[in-house]
Amino acid sequence: MKICVIMSTYNGEKYINQQLDSIFRNERNYEIELYVRDDGSKDRTIEYLRNYGIKHAVPIEVNEGENVGSAESFLMALRECPKAEYYAFCDQDDVWIDGKLSAAAEQIGTTNQPVLWCSDYQVTDSDLHVMISSVLKQPVQDSVRAVFYNNVPGCTMVFNWALMQELRKVNISNIRMHDIMAINVALITGKVIFDKTPYVLYRQHGNNVLGYSHKKIQIGKWIREKLELIRNKEDYSTAEYAKTVLNAFESQMNENEKKEYKLISNMNESLISRLKVLTKPYTKEEFGRTSISIRCKILLNLM
């Protein structure tokens, strides 16, 4: 059986060899293929990838693209990667703990039901010294809440061909993040399996495109970011995303899901629409930077 590992790279030469070693190490029960979309790297990332494939005789397909950002790059890779029984999202600078793919494939099994598997993970510094030994206690289990809040990093996700087919039905070009879409669609069309074993060393360093440390509250930085967002709104629309998901999966939603997705679909039309969304429990989380940011973005029509 084949597992296709989907990676988006951008100037990742410093750490990518360690990640490649961890992908192809000790997964002898499955055929592993790495599909990479490079997001316009200026360093030797592409050279490293191709040389690694030749040196170790492992299948690595590299597609060079222009810089579009992590979310769109992963979305492109998701739609262009080859068919496999299982898929796994992968970041360029993490390290996987041995047995991750085998554990995921065995727990997903062979089923026609869309299934997304995810695991706990450990946060490390740039030298892989563990700073937080366990982060994920329970993945989000509400498909409406998952439109706004996702606590599962894509690097912990493995899913089957059945879910891939559902993900490719979401006909949209700009999304907030690929992992939000993945768990969102899985909760609507199938199920999510959580393995409490940490299978990813989630490396934090100064050049992370995205990372765990962005969740910490730094008031000055937070205010500067919101002012910048007002000047330069991000190019995705949560309302448009909700509308697209509703169009694709309405027949598989329960009545409450349909109602809430319709409400979210209209939230960029007026302040009153956004205030209605803000009264809902799925936009209310415990105090923290993520919760405050999302609620401010909704109010100011910035997401």
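**Backbone, salt bridges and enclosed space in the model**

N301 is found in the segment after α11 (helices are DSSP runs of H or I with at least four residues, strands are runs of E with at least two, and both are numbered from the N terminus). This is a predicted model, with pLDDT of at least 70 needed for local features and 80 or more for side-chain atom pairs, while totals for chains, interfaces and linings use all residues. Residues are numbered from 1 along each chain as its sequence is written, and side-chain values rest on heavy atoms, with hydrogens and water left out.

Back to N301: despite not being a glycine, N301 has a positive phi of about 55 degrees. With a relative accessible area of 24%, N301 counts as partly exposed (buried is under 20%, exposed is over 50%, and partly exposed is in between, with a 1.4 Å probe and protein chains only). L300 also sits in the segment after α11, which spans 289-299, and L300 is partly exposed, with a relative accessible area of 47%. Another non-glycine residue with a positive phi is L128, at about 70 degrees; L128 belongs to the loop between β6 (115-124) and β7.

G109 brings a positive phi as well, near 75 degrees, and this residue follows α4. The helix itself, residues 100-108, is mostly covered, with seven of its nine residues buried. Those seven are K100, L101, S102, A103, A104, A105 and I108.

A further buried position turns up in a loop. V152 lies between β7 (130-132) and β8 (158-160), and it has just 1% relative accessibility, so it counts as buried. What does V152 touch, leaving aside its neighbours within four places in sequence? The contacts (heavy atoms within 4.5 Å) are with C118, L136, P139, M157, D179 and I183. S119 is 33 residues away from V152 in sequence, yet the C-alpha atoms of the two are 8.4 Å apart.

Turning to charged pairs, the structure holds nine salt bridges (a side-chain nitrogen of Lys or Arg within 4 Å of a carboxyl oxygen of Asp or Glu). One of them joins K2 and E33, whose closest N and O atoms are 3.1 Å apart. Because K2 is in strand β1 (residues 2-9) and E33 is in strand β2 (residues 31-39), this bridge ties together parts 31 residues apart in sequence. Both ends of the bridge are tucked away: K2 is buried at 18% relative accessibility, and E33 is buried at 12%.

R50 and E64 make another salt bridge, with 3.3 Å between the closest N and O atoms. This pair links distant parts of the chain, from R50 in helix α2 (residues 45-56) to E64 in strand β3 (residues 60-65), a separation of 14 residues. R50 is partly exposed at 39% relative accessible area, whereas E64 is exposed at 54%.

The side chains of K262 and E250 also meet in a salt bridge, at 4.0 Å from N to O. Here K262 comes from helix α9 (residues 255-265) and E250 from the loop between α8 (238-249) and α9, so to speak distant parts of the chain, 12 residues apart. K262 is partly exposed, with a relative accessible area of 41%, and so is E250, at 31%.

As for empty space, the second largest pocket takes in about 180 Å³ (a pocket is an open set of points on a 1 Å grid over the protein atoms alone, with protein on both sides within 12 Å along at least five of seven lines; a cavity is a set where a 1.4 Å probe fits but cannot get out; lining residues have an atom within 4 Å of a point). Volumes are the space filled by probe spheres set on the points, which are joined across faces, edges and corners. The lining of this pocket counts 13 residues, and E85, T111, N160, W161 and A162 lie nearest its centre. Helix α5 (residues 161-167) gives the most to that lining, with three residues.

Where closed space is concerned, the structure holds one cavity of 30 Å³ or more. The largest cavity has a volume of about 90 Å³. Its lining is made up of V147, N174, I175, R176, M177, I180, M181, Y236, S237, T238 and Y241. At least two lining residues come from each of α6 (178-189) and α8.
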